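Me: I have a structure open and would like to learn how to read it. Could you walk me through it, feature by feature?

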Amino acid sequence: LITALDIKPTRPQTFLFDSRNAQKLNYRYNAVIPIWEVGRSTSAAPTYFPAYKMKIQGGEHIISEHTFTDGGLWLNNPSGLVARSLLD
């Protein structure tokens, strides 16, 4: 479970990269997010690195577009999310 903060919408939202969501994206849209893009998304600390713009594509179609910054800005301790994901 890796977090990033999507600052593209009007209100920033936490974005979760996890294996379940990755499997759903791959199954529905044949989309794959390279691990280096996940790492770049969650490490975009504003004082050190610029926000990372990512397009999630399924084949030729763009599924969604995001502008990510460091997930720790919004959710510094994701242990509650890990516990919740175990119950799903």
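**Reading the model step by step**

Reply: Gladly, and let's begin with one side chain and its surroundings. Not counting residues up to four places away in sequence, leucine 81 touches Leu1, Thr3, Leu16 and Leu75. Leucine 81 belongs to helix H3. Keep in mind that you are looking at a predicted model.

Me: Is leucine 81 buried or exposed?

Reply: The idea is to compare the relative accessible area with a cut-off: under 20% means buried. Leucine 81 has a relative accessible area of 17%, so this residue counts as buried.

Me: How far apart are leucine 81 and leucine 1, in sequence and in space?

Reply: Along the chain, 80 residues separate leucine 81 and leucine 1, yet from C-alpha to C-alpha they are 8.2 Å apart. Leucine 1 sits in the segment before strand S1 (2-6). With a relative accessible area of 40%, leucine 1 is partly exposed. Leucine 1 also joins Val82 and Leu86 in a nonpolar surface patch, and together these residues have about 280 Å² of accessible area.

Me: Since the model is predicted, where is confidence lowest and where is it highest?

Reply: The general idea comes first. Where pLDDT is low, predicted coordinates should not be read in detail. Here the mean pLDDT of the protein is 89, and 100% of its residues reach 70 or more. Confidence is lowest in helix H3 (residues 79-87), with a mean of 80, and highest in helix H2 (residues 35-42), with 94.

Me: Let's stay with helix H3 for a moment. Which residue lies 9.6 Å from serine 85, C-alpha to C-alpha?

Reply: That is arginine 20, which is 65 residues away from serine 85 along the chain. Serine 85 lies in helix H3 and counts as partly exposed, at 21% relative accessibility.

Me: Now helix H2, please. What does serine 41 touch?

Reply: Serine 41 is located in helix H2. Its relative accessible area is 0%, so serine 41 is buried. Leaving out residues up to four places away in sequence, serine 41 touches Ala4, Phe17, Tyr52, Met54, Phe68, Thr69 and Asp70.

Me: How should I read a charged residue such as glutamate 37?

Reply: In general, side chains of opposite charge can pair when their charged atoms come close. Glutamate 37, in helix H2, is buried but has no salt bridge. The nearest side chain of opposite charge is that of arginine 40, 9.2 Å away, while a salt bridge needs a nitrogen and an oxygen within 4 Å. Beyond its neighbours within four places in sequence, glutamate 37 is in contact with Tyr52 and Met54.

Me: How many salt bridges are there by this rule?

Reply: The count comes to 1 salt bridge. In it, the side chains of glutamate 65 and lysine 8 meet at 3.6 Å, N to O. This pair links distant parts of the chain, 57 residues apart: glutamate 65 is in strand S4 (residues 61-70), and lysine 8 is in the loop between S1 and strand S2 (13-17). Glutamate 65 is partly exposed at 39% relative accessibility, and lysine 8 is partly exposed at 47%.

Me: What about backbone angles: what is special about asparagine 30?

Reply: As a general guide, most residues other than glycine have a negative phi. Asparagine 30 is not a glycine, yet its phi is positive, at about 60°. Asparagine 30 lies in the loop between helix H1 (19-29) and H2. With a relative accessible area of 57%, asparagine 30 is exposed.

Me: One more strand, please. Where is glutamine 57, and what is it in contact with?

Reply: Glutamine 57 lies in strand S3 (residues 52-58). Apart from its neighbours within four places in sequence, glutamine 57 is in contact with Ala31, Val32, Ile62 and Ile63. At 40% relative accessibility, glutamine 57 is partly exposed. Glutamine 57 and leucine 73 are 16 residues apart in sequence, and their C-alpha atoms are 26 Å apart in space.

Me: And how far apart are the C-alpha atoms of aspartate 18 and tyrosine 52?

Reply: They are separated by 18 Å, with their places 34 residues apart along the chain. Aspartate 18 is in the loop between S2 and H1, and is partly exposed, with a relative accessible area of 22%.

Technical notes: Residues numbered from 1 in each chain as written. Heavy atoms only, no water. pLDDT = per-residue confidence, 0-100. Helix = DSSP H or I, 4+ residues; strand = E, 2+ residues; numbered from the N terminus. Buried < 20%, exposed > 50% of the residue type's maximum accessible area, 1.4 Å probe, protein only. Lys, Arg positive; Asp, Glu negative; His and termini not counted. Contact = heavy atoms within 4.5 Å. Patch = residues over 30% accessible without salt bridge, like charges linked within 9 Å, V, L, I, M, F, W, Y side chains within 5 Å. Areas by Shrake-Rupley, 256 points an atom, 1.4 Å probe, with all protein chains shown as cover.
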